Amino acid sequence: MNSKRMLLLVLFAFSLMLVARYFRNHQVEELRLSDWFHPGKRPDVITKTDWLAPIVWEGTFDRQVLEKHYRRRNITVGLAVFATGRFAEEYLRLFLHSANKHFMTGYRVIFYIMVDTFLQLPDIEPSPLRTFKAFEVDAERWWLDGSLVHMKSLGEHITSHIQDEVDFLFSMAVNQVFQNEFGVETLGPLVAQLHAWWYFRNTKNFPYERRPTSAACIPFGQGNFYYGSLMVGGTPHNILDFIEEYLNGVIHDIKNGLNSTYEKHLNKYFYLNKPTKLLSPEYSWDLTFSPPPQIQYVKVAHDSQRKL
């Protein structure tokens, strides 16, 4: 081997070593649950599931550790909201104004706003790092079942562009108001929201779908928690998987002459696909009820007596 070729091989090996060193120095270390989650600080509530997923309550997480981790990852978070119908304009203004202030502050956020053709978008100036993207639902669709239209439209947008734009995605109902920080402690591959009312009730009485012929059926004696339908989160891939299962479930039920609710299909999905993180009722508190002592810090509020 001549000296010129030897020199080239040495230079090539040296460049590979530099590249490997760069990636070792710049890769984001995997965050262990024990690094940020301290369940012992809230002995008054359930903080872990049987499958060892964290249940996030105020006081259980170290925001500084989480902030350091996710800033190194340089993430973008999506928030999808669907607003149609008579009161949607009123709800959307409050939702976007509060989310603009409290949702993932300091991170890049894309708000995906799906509306019908009759809705006037509120005049809200997005904060730095925030982008509003509005999409119209087809005119012939908007009057159908809201949850069905929402999820079908969201699935189409995830496939066409959202999956390439964000690292995490939340889908939330519009009749909610952010009251305090909704931060990176909520991020995970598959995130479920504990139902504010049913968390404090006996598991034997959960209103699961019980009809055996329904795709949403959870048999008596089974099930761990009852999840609320106002929020679901995770990676775009996992959200898309849920949407596909939900739509298939609806088709199955229609063929069998059934009409189960979106929330019951959601609970069936989480029964079969355990969420990697659960959010406490603090993240979706119902203003109809006075908060019990366990609710120390309401992050998001809604009023179940007000309907779209």
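Helices, taken here as DSSP runs of at least four residues, are numbered from the N terminus. In this predicted model, helix H7 covers residues 262–272 and contains Glu263. The average pLDDT of the protein is 88, and 85% of the residues score at least 70. Confidence is low over one stretch in particular: residues 22–28 have a pLDDT under 50, and the model gives this stretch six contacts beyond four places in sequence.

An unreviewed UniProt entry lists His195, Glu263 and Asp286 under "binding site". Two of these positions are described here in turn. Glu263 has a relative accessibility of 17% and is therefore classed as buried, since the cut-off for a buried residue is under 20%. When neighbours within four places in sequence are left aside, the contacts of Glu263 are with His195, Tyr226, Tyr227, Gly228 and Ser229. Glu263 of helix H7 thus touches another residue of the UniProt list, His195.

His195 itself is located in the loop that runs between strand S7 (190–194) and strand S8 (227–234). Beyond four places in sequence, His195 is in contact with Tyr226, Tyr227, Gly228, Glu263 and Pro281. Tyr226, Tyr227 and Gly228 therefore appear among the contacts of both His195 and Glu263. Within its own part of the chain, His195 also reaches Trp197: the side chain of His195 lies 3.1 Å from the backbone nitrogen of Trp197.

A further position, Lys299, occupies the loop between strand S10 (285–286) and strand S11 (300–302). Because its relative accessibility is 0%, Lys299 counts as buried. Two polar contacts involve the side chain of Lys299. One joins it to the side chain of Glu58 at 3.0 Å, and the other links it with the side chain of Tyr283 at 3.1 Å. Both partners also belong to the wider set of residues touched by Lys299 beyond four places in sequence, which comprises Glu58, Phe61, Val177, Phe178, Gln179, Asn180, Glu181, Glu185, Glu282 and Tyr283.

Ile251, by contrast with buried Lys299, is partly exposed, because its relative accessibility is 43% and the partly exposed class lies between 20% and 50%. Ile251 forms part of helix H6, which spans residues 236–255. Ala215 is 36 residues away from Ile251 along the chain, and the C-alpha atoms of the two residues are 9.1 Å apart.

Conventions
Residues are numbered from 1 along each chain as its sequence is written. This is a predicted model: local features need pLDDT of at least 70, side-chain atom pairs count only at pLDDT 80 or more; totals for chains, interfaces and linings use all residues. Side-chain values use heavy atoms; hydrogens and water are left out. UniProt positions are given in the numbering used here, feature names are shortened, and annotations may be inferred rather than shown by experiment. Helices (H or I, at least four residues) and strands (E, at least two) are DSSP runs, numbered from the N terminus. Contact means heavy atoms within 4.5 Å. A polar contact is a pair of N or O atoms within 3.5 Å; within protein, one must be able to donate a hydrogen and the other to accept it, and residues adjacent in sequence count only if both atoms are side-chain atoms. Buried means under 20% relative accessible area, exposed over 50%, partly exposed in between (1.4 Å probe, protein chains only). pLDDT is the predictor's confidence in each residue, from 0 to 100.
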